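Got your viewer open? Let's take a walk through this one, from the overall view down to single side chains.

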Amino acid sequence: MSDLAAVKTRLEEQLAELRGRQARVETDLAEPLNADSSEQAVEMEDDAALEGQAALIDRQIASVSRALERIEKGTYGECVRCGATIAAARLAVRPEAALCIECARSEQ
């Protein structure tokens, strides 16, 4: 496994970026709808897309936060389902990965 401090820094930076995106989406969603009814329809469609993005960002934030918790607990790099070691190559690509490739494939 690569340097754990570097992984932690990378995850913390990713978390900060995700929280920034989350704040921008929340700001956009908080804007009042246009008084023009035809504009409202377009804005409501846009809001629906933004709500989908917000949900995805929330899931990503949770995933990165759990990875940081695993680092703190000393269990980072262990599959949360079977306990096997998660391949270093997988963690290099997805440092927030909680499952080994075998368990991840079985979820699909």
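Before the surface numbers, a quick bit of vocabulary: accessible area here comes from the Shrake-Rupley method with a 1.4 Å probe. Keep in mind as you click around that this is a predicted model.

**Stop 1: the whole chain.** Show everything as a surface. The protein exposes about 7,000 Å², and carbon and sulfur atoms supply 52% of that area. Of the 108 residues, 28% are buried.

Now switch to C-alpha atoms and line the view up with the principal axes. The C-alpha atoms fill a box of roughly 55 × 30 × 20 Å. The radius of gyration is 18 Å, whereas a compact globule of 108 residues would come in near 13 Å.

**Stop 2: the cartoon.** Colour by secondary structure. How many helices and strands are there in the protein? You should find four helices and zero strands, running α-α-α-α from the N terminus on. As for how the chain meets itself, take the contacts with a separation of 6 or more: 55% of them are between residues 24 or more positions apart.

**Stop 3: the largest pocket.** Select S63, R94, A97, A98 and L99. Out of the 13 residues lining the largest pocket, these are the closest to its centre. The pocket holds about 190 Å³ of space. Next, highlight α2 (37–73) and α4 (101–107), the elements that give two or more residues to the lining. Which element gives the most to it? That would be α2, with four residues. Colour the lining by class and you get seven charged, four nonpolar and two polar residues.

**Stop 4: R94.** Stay with R94, one of the residues closest to the pocket centre. R94 sits in the loop between α3 and α4. Its relative accessibility is 37%, so R94 counts as partly exposed, since that label covers values between 20% and 50%. For a sense of scale, select T27 too: the two residues are 67 apart along the chain, and their C-alpha atoms are separated by 29 Å.

**Stop 5: E96.** Move along to E96, found in the loop between α3 (88–93) and α4. Is E96 buried or exposed? E96 is buried, because its relative accessible area is 12% and the cut-off for buried is under 20%. To see what is around E96, select L11, Q14, S63, V64, A67 and R70: these are its contacts once neighbours within four places in sequence are left aside. S63 may look familiar, as it was among the residues closest to the pocket centre.

How values were computed
Residues numbered from 1 in each chain as written. Predicted model: local features only at pLDDT ≥ 70, side-chain atom pairs only at ≥ 80, totals over all residues. Heavy atoms only, no water. 1 Å grid on protein atoms, 1.4 Å probe; cavity = no way out; pocket = protein on both sides within 12 Å on 5 of 7 lines; lining within 4 Å. Points joined across faces, edges and corners; volume = space filled by probe spheres on them. Nonpolar A, V, L, I, M, F, W, Y, C, P; charged D, E, K, R; others polar. Rg over C-alpha atoms; globule rule 2.2 N^0.38 Å. Buried < 20%, exposed > 50% of the residue type's maximum accessible area, 1.4 Å probe, protein only. Contact = heavy atoms within 4.5 Å.
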